[in-house]
Amino acid sequence: YTVIDRVAMAGIVPFQESVTRSLHFCRAIWDRYFELVGVREECERLKEMLAEARMERSRYLESEMAAERLRELLEMKSQLPHTLLPAQVAAHDPSGWSQTIIINKGRKDGVAKGMAVIDSKGIVGHVVKDFDWSAQVLLLIDQSSAVDALVQRSRFRGIVKGETTQACGFKYVVRKADIQVGDTLISSGLDRVFAKGLRVGAVASVSKPASGLFQEVKVQPFVDFTRIEEVLVVLE
């Protein structure tokens, strides 16, 4: 090699090495980019699978809970000597002026005004309007609702009336009546709407004013009216 050749080689070799390193670096970056794209796609696929699994779990839990509620209703149906029609709650009264629900059974199914409505826990209310394929039910907790009831333990009678969104009062209970917190109230059957022996609620508090003929009794209904989904209509 001549001096010129050696000088040229001395300049070209580092340049080639630099270019080669740059190409390797670019190739590594490119490969890494595709790896990241693949990882992102895999993450998206796993997210979709997780969302589907959560939806499936939710559907399973909902089916399981519905089956449990149905089992309770069927047990209730087998215990009572009445013809009971299962129905689903289709709507709640949105106005707030009254405590009512709409069920998906009506005149075409044998439902009529005045019929009692219950669930596995106890009395829900009674039918106040019947339509061909639906009916309106006045809930026990409505202020215009009334159930002739008695204390299961001592047999003293009174009238259970709705007072608030989740509580009732036990009216016209004489001062001498033996009634205690925790006592169970059941329907007496004397109002000709609710058959005798249906569960109403538990006594939450008892007080005797300084004057007057009656005690002041508060009742906690057995039914949770915020969670009603299925009911039974007593067709007799």
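A salt bridge, as used here, is a side-chain nitrogen of Lys or Arg within 4 Å of a carboxyl oxygen of Asp or Glu. Keep that rule handy for the exercises below, and remember that this is a predicted model.

**Exercise 1. Decide what joins D178 and R153, and work out which parts of the chain they tie together.**

Step 1: Look at the distance. The N-to-O gap between the side chains of D178 and R153 is 2.8 Å. The cut-off is 4 Å, so the pair passes as a salt bridge.

Step 2: Place each partner. D178 sits in the loop between β8 (168–171) and β9 (184–187), while R153 sits in the loop between β6 (146–151) and β7 (157–162), so the bridge ties together parts that are 25 residues apart in sequence.

Step 3: Check how open they are. Partly exposed means a relative accessible area between 20% and 50%. D178 comes in at 32%, so call it partly exposed. R153, at 42%, is partly exposed as well.

**Exercise 2. Do the same for E163 and K218.**

Step 1: The closest approach here is 3.0 Å, N to O, and the two side chains meet in a salt bridge.

Step 2: E163 is in the loop between β7 and β8, and K218 is in strand β11, so this pair ties together parts that are 55 residues apart in sequence.

Step 3: K218 has a relative accessible area of 36%, so it counts as partly exposed.

**Exercise 3. Build up the surroundings of D132: where is it, and which residues does it touch?**

Step 1: Find D132 in the loop between β4 and β5. Its relative accessible area is 35%, so D132 is partly exposed.

Step 2: List the contacts. Leaving out residues up to four places away in sequence, D132 touches G106, R107 and K108. Take G106: its C-alpha is 5.0 Å from that of D132, even though the two are 26 residues apart in sequence.

Step 3: Now zoom in on R107. R107 and D132 form a salt bridge, with their closest N and O atoms 3.1 Å apart. This pair links distant parts of the chain, 25 residues apart: R107 is in the loop between β2 (100–103) and β3 (116–118), and D132 is in the loop between β4 (123–130) and β5 (135–139). R107 has a relative accessible area of 44%, so it is partly exposed.

Step 4: Widen the view. D130 joins in too, as R107, D130 and D132 are linked in a network of salt bridges. How many salt bridges does the count come to? By the rule at the top, it comes to seven.

**Exercise 4. Trace the barrel and describe how its strands pair.**

Step 1: Follow the order β1-β2-β5-β4-β3-β12, which gives a closed barrel of six strands with antiparallel pairing. From one strand to the next, the twist averages 45 degrees.

Step 2: Pick one pair. β3 and β4 run antiparallel and are joined by three bridges. For A116, the bridge partner in β4 is H126.

**Exercise 5. Find the nonpolar surface patch that includes F214.**

Step 1: The members are Y172, V174, L213 and F214, and together they have about 410 Å² of accessible area.

Step 2: Place F214 in the loop between β10 (199–207) and β11 (216–221).

Step 3: Ask why F214 can belong to a patch. Patch residues need over 30% relative accessible area. F214 has 35%, so it clears that cut-off while being partly exposed.

Notes
Residues numbered from 1 in each chain as written. Predicted model: local features only at pLDDT ≥ 70, side-chain atom pairs only at ≥ 80, totals over all residues. Heavy atoms only, no water. Patch = residues over 30% accessible without salt bridge, like charges linked within 9 Å, V, L, I, M, F, W, Y side chains within 5 Å. Areas by Shrake-Rupley, 256 points an atom, 1.4 Å probe, with all protein chains shown as cover. Helix = DSSP H or I, 4+ residues; strand = E, 2+ residues; numbered from the N terminus. Buried < 20%, exposed > 50% of the residue type's maximum accessible area, 1.4 Å probe, protein only. Pairing = 2+ DSSP bridges. Axes fitted to C-alpha atoms, helices over the stretch in contact; angles between N-to-C directions. Contact = heavy atoms within 4.5 Å.
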